[in-house]
Amino acid sequence: MPIYLDKAKGITPLELIKQYKKENNFKGKMCYAGRLDPMAHGKMILLKDEECKQMNDYCNYNKTYEFLVLFGIKTDTYDLLGKVTETNIKPIDLDKFDLDKFDLDKFIGEIKQPFPPYSSFSIKHKEERKPIWEWTKLGKLDEITIPIKEVEIFSLEEISYLEKIEEKKDLEEYIFDNINLLSDVNKKKFRVKEILEIWKQIFQTLEIKPIIKKYRAKVSSGTYIRSLVNRIGIDLGCGAITLDIDRVELQII
């Protein structure tokens with residue numbers, strides 16, 4: 001039987017499998033159906049032995065996510081675990097930046113979504129096959145064609161946000177604490193030293209007043225929430241990244 005469990009923030013799906021095998025003294029083959037980024041957490045499916053051959057069947061679930069969005073920032077990963085490429089927090093005119101009147105319905109329906117520059121999807125280029133994130137780190141993003149897939153956003157709504165991050169110091173603490181959840185091995189893999197230095201400079205030079213909202217979305221299989229948030233930020237003209245992504249439900253079609 002498939003194993004349904006929650007992945008904690010800060011670990012990769014492969015680390016989750018390793019953790020499960022150690023805790024349950026399992027020596028067989030295991031895989032996951034539907035990955036979650038290191039900074040995302042929530043529902044995942046692990047498969048054992050012969051079940052691994054059915055991985056694609058178990059990936060075909062609609063999913064519900066709850067996620068925090070920081071407006072006014074752009075990173076190259078579309079989430080907090082990336083290099084800040086642009087910040088528009090300081091010059092935002094809050095009188096014109098009325099998120100309460102922002103029409104979320106315009107993002108509902110079928111959309112064409114490119115894979116993020118930092119994703120695990122593999123692409124073959126010049127007889128080599130690598131994840132997109134590796135091509136990006138090698139500076140060859142312009143040499144490859146990033147696939148575009150059709151996904152569907154069934155619903156998107158703002159929900160209550162209880163754990164407030166209201167001041168610059170709160171946001172700085174939140175970002176540093178979350179990034180530091182990564183293992184030492186993954187800190188090197190995900191450029192953490194360089195990324196934290198950039199965030200440090202951001203907090204030293206800008207008088208940031210965080211603009212954060214929480215949303216819930218029900219989406220089709222294969223939808224990247226951080227890509228959806230990036231698209232919303234582009235539409236608003238200020239940029240936006242995810243601070244937290246929680247996969248709260250898996251619903252078989």
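**Briefing: largest pocket, Asp37 and aromatic pairs**

The lining of the largest pocket divides by class into 18 nonpolar, nine polar and eleven charged residues. The model is predicted. The volume of this pocket is about 1,000 Å³. Asp37 is among the residues closest to the pocket centre. Elsewhere, the model holds two aromatic pairs.

**Largest pocket**

- The lining comprises 38 residues.
- Closest to the pocket centre are Arg35, Leu36, Asp37, Ser120 and Tyr224.
- Several helices each supply at least two lining residues: H1 (13–24), H2 (55–59), H3 (132–137), H5 (184–189) and H7 (225–236).
- Strands S4 and S12 (240–252) also supply at least two residues each.
- The largest share comes from H1, with three residues.

**Asp37**

- Asp37 sits in the loop that runs between strand S2 (30–33) and strand S3 (40–48).
- Is Asp37 buried or exposed? Its relative accessibility is 16%, and buried means under 20%, so Asp37 counts as buried.
- Beyond its neighbours within four places in sequence, Asp37 contacts Lys7 and Arg226.

**Aromatic pairs**

- Two aromatic pairs are counted in the model.
- One pair joins Phe67 and Tyr215, with ring centres 6.0 Å apart and planes at 35 degrees. Stacked needs planes under 30 degrees apart and edge-to-face over 60, so this pair is tilted.
- Phe67 belongs to strand S4 (residues 61–71), and Tyr215 to strand S11 (residues 211–219). The pair therefore ties together parts that lie 148 residues apart in sequence.
- Phe67 and Tyr215 are both buried.
- Trp199 and Phe203 form a stacked pair. Their centres are 5.9 Å apart, with 25 degrees between the planes.
- Where do Trp199 and Phe203 lie? Both are in helix H6 (residues 192–205). They are four residues apart there, so about one helical turn separates them.
- Trp199 is buried, as is Phe203.

**Charge over a ring**

- Lys48 places its charged end over the ring of Phe26.
- The distance from that charged end to the ring centre is 5.1 Å.

**Points to locate in the structure**

- For the pocket, start from Arg35, Leu36 and Asp37, which are among the residues closest to its centre.
- For the Asp37 contacts, find Lys7 and Arg226.
- For the tilted pair, look at Phe67 in S4 and Tyr215 in S11.
- For the stacked pair, look at Trp199 and Phe203 in H6.

Methods: Residues numbered from 1 in each chain as written. Predicted model: local features only at pLDDT ≥ 70, side-chain atom pairs only at ≥ 80, totals over all residues. Heavy atoms only, no water. Buried < 20%, exposed > 50% of the residue type's maximum accessible area, 1.4 Å probe, protein only. Contact = heavy atoms within 4.5 Å. Phe/Tyr/Trp six-rings, centres within 6.5 Å; stacked < 30°, edge-to-face > 60°. Lys NZ or Arg CZ within 6 Å of the ring centre and 35° of its normal. 1 Å grid on protein atoms, 1.4 Å probe; cavity = no way out; pocket = protein on both sides within 12 Å on 5 of 7 lines; lining within 4 Å. Points joined across faces, edges and corners; volume = space filled by probe spheres on them. Nonpolar A, V, L, I, M, F, W, Y, C, P; charged D, E, K, R; others polar.
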